[in-house]
Amino acid sequence: MRSGLFLILILISQFAQATPVNLPPEAQLPVLMLNQNDEQLYLRGIIPGKGPSSLCGPASAINWLQLEYGTFDKDQQIRLLQQAELLSRTQGIDIHRGLIEPQLIQYMQNLDSLLGRTHRYAGKGRYFSDSELTLNDLLSPEPQILLLRYDSRPTPPPPMGRRDRGPRGGDPMIPILDESEIRGFHFVLKVTADSNAQEILFLDPENPSRYSRARLEMRLNPRNQKPELRLLPLSREDLASFTGGGPLLWTALSAIEKDLP
């Protein structure tokens, strides 16, 4: 246990040395950061019924505030999330139906207005330009909220005489899934990046009590053979809540960032 904690501290130190971002120690994250599935969100009726949470975007926005200011306790975080939700409703935005990037920016502006602050936000990738994300778009040390697409690996037709679903190609340890099994979208908060290693450190709102890490690579989409920016989680604990159905492909579609002067 101690050796694992020591390794995490080394990794965070490496990222901190590569960038000017001051990151809170990982041990503080369970208190500082908001989980999109926090039981209080259900107990207070913010997440309707007992359904799944679609608050990955709003929770990432709250955690971005915590990363910068670190001054909000859990009750204040939840109140802010709810008040910004009410403002969003008057603008025709339902945060429980899953947000697209422009809607999340509006939600973040609502948070700013509640706090008496003004920020301008910019974006890269879909909805913001005609081009796909590149490696350089995510290797800035500045925080960004990323929209990721996750989907199951495409299943090729089996060879003649073979009906099993075993491994293939360059991923010999990854089982093949049916394309229809899993597909969706998920916002995460990238807190910093190491351009030398081409890796990012991020907070997954499904598990914000630890720093997650992923390597970035440009790869071809196996379905359409177009280049896309892939995230390769570096441990089994990174994005772990999504692996129940098997390994997934993670693709970065867009990045929201502050429009710095």
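What covers the buried residues of H5? The cover includes H2, helix H3 (39–43), H4 and H6, where helices (H or I, at least four residues) and strands (E, at least two) are DSSP runs numbered from the N terminus. This is a predicted model, in which local features need pLDDT of at least 70, side-chain atom pairs count only at pLDDT 80 or more, and totals for chains, interfaces and linings use all residues. Residues are numbered from 1 along each chain as its sequence is written, and side-chain values use heavy atoms, with hydrogens and water left out.

**Helix H5**
- The buried residues of H5 (buried means under 20% relative accessible area, exposed over 50%, partly exposed in between, with a 1.4 Å probe and protein chains only) are Gln 77, Ile 78, Leu 80, Leu 81, Ala 84, Glu 85 and Ser 88.
- The face turned away from the buried side of H5 carries the exposed residues Arg 89 and Thr 90.
- Just after H5, Gly 92 has a positive phi of about 80°.

**Helix H4**
- Of the 14 residues of H4, 12 are buried, so H4 is largely enclosed by the rest of the structure.
- Trp 64 is one of these buried residues.
- Just after H4, Gly 70 has a positive phi of about 60°.

**Glu 257**
- Glu 257 belongs to strand S7 (residues 248–258) and is buried, at a relative accessible area of 15%.
- Residues that Glu 257 touches (heavy atoms within 4.5 Å) include Trp 64, Arg 120 and Gln 144, not counting residues up to four places away in sequence.
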